Amino acid sequence: MNYKIAVIKGDGIGPEIVDQALLTLNAIATKYGHTFSCEDLLAGGAALDVEGIPLPKATVDACRASDAVLLGAVGDPKWDNEPGGNRPEKAILGLRAELGLFANLRPATVFDELASASPLKKEIIGSGFDILIVRELTGGIYFGSRGTEILTEGKAPNALIERLSEGRSIPAGRFAYDVEQYSEFEIRRIATTAFEMAMKRDRRVASVDKANVLDSSRLWRAVMEEVQQSYPEVTLEHYYIDNTTQQLIKNPRQFDVIVTSNMFGDILSDEASQITGSIGMLPSASLGEGKFGLYEPIHGSAPKYTGLDRANPIATILSVAMMLRYSFDLKQEADAVENAVKKFLAEGYRTPDIFTEGKTLVGTAECGRLIADFV
Ligand code: IPM
Ligand code: MG
């Protein structure tokens, strides 16, 4: 088969890790007789440098015309003082919105070989954990109404201010707001993704919200329960976000699928990846209605490691495996990539971020070459 892949290498270590992932993709192409046509596209700081905007229209159009997108990482301190709309991160948010990628899958798994790298105690890690975070990605506070205003003494510009001031006059000054908001439709479709995923796993969904305070969370909870009716084999439990941050550390093994809003998912997925002890190893998929998806490592562009041949390309290589599995339905090929990564670890090879005494230290390029070889 012929597959069209839009490749966005991005900033920092992005280009070097994507190059390694492409080696593995080539190995898959040769072994299984597929053609992957890859087109390099600009986004993030790399696009700002050349075109002055983080997400050129040509990039979005080319992504739309592809079967899947492989992304390295975007973000560069050089652009940190840019206004909100012109930061490299805007490229990611723009791609998610423009491509309708509402479901973000972030697996947090412990690799047997690396269990000792987890910051959690051995008794807690046990034989490891395997959590799939399903994060809503195109709604909530990230895409809700927002604004910045200057308040004049005594004037309440909207209902929000009236509530804050309880009818009293409020002091003049700057004011900014971002609104958390969800429609039934948005909750229903992310719930469906979570339950479908749970059906292929341990059939347990933990829905995370703040229903003791927020209206949007109460709607979230109600819709989760409605969707659960269609999945009688799957158990549904509700957790508050604050409690979840504790439970993840106290007993991560209690979780199978976690489904949550955009903002809570952003926070929880960082926590979950940290406790695996191998943040440089974790891939992610962002999916829409059909088979199309965007695949990227969950770590960032790590500017200080750029060009040093020390970044770990495994998260990006495993993102390729997710692409093969979810967008192309190539299960055998996806397994082959994952097995090659397991073999790399089992044979004792380590990049600097996961290196321990007695193992064989390799750089970014050597790691990529070995894994492609093992395929
Ligand atoms: C992530 C990142 C992004 C997010 C940033 C870069 C906009 O933190 O993918 O988790 O907040 O979604
Ligand atoms: Mg994040």
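In the next few minutes I will go through the overall fold dimensions of this protein and then the surroundings of ligand 1. Please keep in mind throughout that what we are looking at is a predicted model.

Let me start with the protein as a whole, which contains 13 helices and 14 strands. Its radius of gyration is 22 Å, close to the 21 Å that the globule rule gives for 375 residues, so the protein is as compact as a globular protein of that length. If you turn the C-alpha trace onto its principal axes, the spans come out at about 70 × 50 × 40 Å.

Now to the ligand. Where does ligand 1 sit? The second largest pocket is the one that holds ligand 1, and the residues that surround ligand 1 there are Glu89, Arg96, Arg106, Arg135, Tyr142 and Asp266. Sorted by character, this shell consists of five charged residues and one nonpolar residue, with no polar residue in it.

Three of the arginines deserve a closer look, and I will take them in sequence order. For Arg96, an N or O atom of the side chain is 2.7 Å from an oxygen atom of ligand 1. In the case of Arg106, a polar side-chain atom likewise lies 2.7 Å from an oxygen atom of the ligand, while for Arg135 the distance between a polar side-chain atom and an oxygen atom of ligand 1 is 2.9 Å. As for how much of the ligand is covered, ligand 1 has 320 Å² of accessible area on its own, and the protein covers 72% of that area.

Methods: Residues numbered from 1 in each chain as written. Chains lettered and ligands numbered in written order. Predicted model: local features only at pLDDT ≥ 70, side-chain atom pairs only at ≥ 80, totals over all residues. Heavy atoms only, no water. Near = heavy atom within 4 Å. Polar contact = N/O pair within 3.5 Å; in protein donor to acceptor, adjacent residues only side chain to side chain. Areas by Shrake-Rupley, 256 points an atom, 1.4 Å probe, with all protein chains shown as cover. 1 Å grid on protein atoms, 1.4 Å probe; cavity = no way out; pocket = protein on both sides within 12 Å on 5 of 7 lines; lining within 4 Å. Sits in = over half its atoms within 2 Å of the grid points. Nonpolar A, V, L, I, M, F, W, Y, C, P; charged D, E, K, R; others polar. Helix = DSSP H or I, 4+ residues; strand = E, 2+ residues; numbered from the N terminus. Rg over C-alpha atoms; globule rule 2.2 N^0.38 Å.
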